[in-house]
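Me: I should like a close look at a single part of this protein, with attention to how one helix packs against its neighbours. Please set out the account in connected prose.

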Amino acid sequence: MDPIVVISVLGGLIFLLLIIGAPTKPLRFIGQSAVKILIGAIFLFFLNAFGTSFGIYVPINIATAAVSGLLGIPGVFALVAIQTWII
């Protein structure tokens, strides 16, 4: 596709959202989920930073960040247990 067409369509959609207004509930849900996934990635980063001295390492990807972000600290412990005993 031509970049001019893509930019025009995106600009038109943004203009349409500004005029009509965005549906707030789905956007709020998407925003809260993104923040929770980001917090989960930060949990995993600190786990990997401090856990390497104990031999604990959990890879940071979307799935593990989502589990640790949505479940919180128990999710991080569950990922450590899965990594230690199952994988």
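Reply: What follows is an account of helix α2 and its packing partners in this predicted model.

Helix α2 comprises residues 24–51. The unreviewed UniProt entry annotates residues 6–22, 34–56 and 62–82 as "transmembrane region". In the model, the span 34–56 is 78% helix and 0% strand, and its end C-alpha atoms lie 26 Å apart. The span 62–82 is 95% helix and 0% strand, with 16 Å between its end C-alpha atoms.

Two packed helices are described by the angle between their axes and the distance between the axes. For α2 and helix α3, which is formed by residues 62–71, the axes are 7 Å apart and the angle is about 100°. Angles of 65 to 115 degrees count as roughly perpendicular, and α2 is therefore roughly perpendicular to α3. On the α2 side, the contact is made by K36, I37, G40, A41, F43 and L44; on the α3 side, T64, A65, A66, S68, G69 and L70 take part. Sorted by class, these residues are seven nonpolar, four polar and one charged.

One of the α3 residues in this contact, S68, merits separate description. S68 has 0% relative accessibility and so counts as buried, the cut-off being under 20%. Leaving aside residues up to four places away in sequence, S68 touches G40, A41, F43 and L44, and also G75, V76 and L79. Its C-alpha atom is separated by 7.6 Å from that of I37, although the two residues are 31 positions apart along the chain.

The packing of α2 with helix α4, residues 73–86, has another geometry: these axes come within 11 Å and cross at roughly 50°. That angle makes α2 oblique to α4, and the crossing is right-handed. From α2, the contact involves F43, L44 and L47; from α4, it involves I73, V76, L79 and V80. By class, this contact has seven nonpolar residues, with no polar and no charged ones. F43 and L44 of α2 thus appear in the contact with α3 and in the contact with α4, because both lists of residues within 4.5 Å include them.

A further residue of α2 is N48. With 10% relative accessibility, N48 counts as buried. Beyond residues up to four places away in sequence, N48 touches I56, Y57, V58 and I60.

Note on methods. Residues are numbered from 1 along each chain as its sequence is written. This is a predicted model: local features need pLDDT of at least 70, side-chain atom pairs count only at pLDDT 80 or more; totals for chains, interfaces and linings use all residues. Side-chain values use heavy atoms; hydrogens and water are left out. Axes are lines fitted to C-alpha atoms, for helices over the stretch in contact, and angles run from 0 to 180 degrees between N-to-C directions. Helices (H or I, at least four residues) and strands (E, at least two) are DSSP runs, numbered from the N terminus. Angles under 35 degrees count as roughly parallel, over 145 as roughly antiparallel, 65 to 115 as roughly perpendicular and the rest as oblique. A crossing is left-handed if the near helix is turned anticlockwise from the far one by less than a right angle, and right-handed if clockwise. Ala, Val, Leu, Ile, Met, Phe, Trp, Tyr, Cys and Pro count as nonpolar, Asp, Glu, Lys and Arg as charged, and the others, Gly among them, as polar. UniProt positions are given in the numbering used here, feature names are shortened, and annotations may be inferred rather than shown by experiment. Buried means under 20% relative accessible area, exposed over 50%, partly exposed in between (1.4 Å probe, protein chains only).
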